[in-house]
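Please look at the sequence and the structure shown here, and follow the path from the whole chain down to single residues.

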Amino acid sequence: LELHVWLYYLGHCRISNELNNLIESKYDTFSPPHPLDIMPPKKKQQKRVDPKAASKQRTASKSASANPQPTQGPPGGYECEALLQQAESLQLSNPESAVQFIDRALEQEPQNTRALEMKAVIMLSLDQVADARQLLMMCVEAEPHFGWSKYLFLGQMSEGHEAAAMLGKGIELLANYEQTIAGKPDTSEEDITSLHEDISAAFCSLAEVYLTDLCEEDEAQDTCLGLMERALAYDPTNVEAMQTLASIKISTQEPEEAKQLLTRSLEFWWYPLQASAPTDDNDDND
């Protein structure tokens, strides 16, 4: 029981408010926030915090400050691309105005998946989940075999087998994209590392479905075990994967392996957090 309590504590005390923002994506003309970060948590699970969120927030802030913000609605005469660029610059600072620009773009190109997904992301930020889901499903219908983020969003918004199917499709497309760009000369090591981290996080999200909605399914525990091993294969520093795998090891009566995983996870979040924490001069004199 004590080990279970320790696991629960470790799994949640690492959440930092300053990291709970949007992560950076470098691979699409429109870079939506990561689906695993923007979605509110399901009733059965806790919201995940991505360690790259602070970087995304800084980048978004610079982008917003670099573009003047109009106070009125979208003017006429803009081409679709220009409208979407303006909407992207307003996405964080003035989402309602951003939606106006997106709607103008959709009047010109109703099947523009970039515009549809951008609007869906804004709808999620405004807690209009039903509208966001409808827009994302339109993206799936328009481009079912391209673009992984819409599937990851829908996986977070769905339950049971539907959630597993959406997340699985998103992981498939994400992994295929990683293989496509891996051999290109303009692909940096940082690009591949970032993709691996996203794939690893998506495996964790899929495992949560089998730990909650599909926990009564045959082989659910073995499926989770395999997903966590794949998550750590892509990103050996994934703290959530280590802690989830530790929880599975506890369930399978392997406390020593669980302890090793928890201890290892401390190296990637607790010790760096303590090292960066401000020190009190009075403590040195005690």
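Beginning at the N terminus and moving along the chain, the elements follow the order α-α-α-α-α-α-α-α-α-α-α-α-α-α, and the count for this chain is accordingly 14 helices and 0 strands. The model is a predicted one, and the values given below were computed from it.

Of the chain's 286 residues, 45% count as buried, while the accessible surface amounts to about 15200 Å², with 50% of that area belonging to carbon and sulfur atoms. When we consider contacts between residues at least 6 apart in sequence, 64% of these contacts join residues that are at least 24 apart.

We can now turn to a single residue, Lys-150, which has its place in helix H8, a helix made up of residues 149–157. Is Lys-150 buried or exposed? Lys-150 counts as buried because its relative accessibility is 3%, and buried means under 20% relative accessible area. Leaving aside residues up to four places away in sequence, Lys-150 touches Glu-117, Leu-136, Cys-139, Val-140 and Glu-143. Between the C-alpha atoms of Lys-150 and Lys-169, which stand 19 residues apart along the chain, the separation is 9.9 Å.

The surface offers another place to look, for Glu-216, Glu-217, Asp-218, Glu-219 and Asp-222 form a negative surface patch. One of these residues, Glu-217, lies in the loop between helix H10 (189–211) and helix H11 (220–234). Glu-217 has a relative accessible area of 36%, and therefore it is partly exposed, since that class lies between the limits of 20% and 50%.

Methods. Residues are numbered from 1 along each chain as its sequence is written. This is a predicted model: local features need pLDDT of at least 70, side-chain atom pairs count only at pLDDT 80 or more; totals for chains, interfaces and linings use all residues. Side-chain values use heavy atoms; hydrogens and water are left out. Patches are made of residues with over 30% relative accessible area and no salt bridge: like charges are joined within 9 Å, nonpolar side chains (Val, Leu, Ile, Met, Phe, Trp, Tyr) within 5 Å. Accessible areas come from the Shrake-Rupley method with a 1.4 Å probe; for residues, only the protein chains shown count as cover. A salt bridge is a side-chain nitrogen of Lys or Arg within 4 Å of a carboxyl oxygen of Asp or Glu. Lys and Arg count as positive and Asp and Glu as negative; His and the chain ends are not counted. The place of a charge is taken as NZ of Lys, CZ of Arg, CG of Asp or CD of Glu. Helices (H or I, at least four residues) and strands (E, at least two) are DSSP runs, numbered from the N terminus. Buried means under 20% relative accessible area, exposed over 50%, partly exposed in between (1.4 Å probe, protein chains only). Contact means heavy atoms within 4.5 Å.
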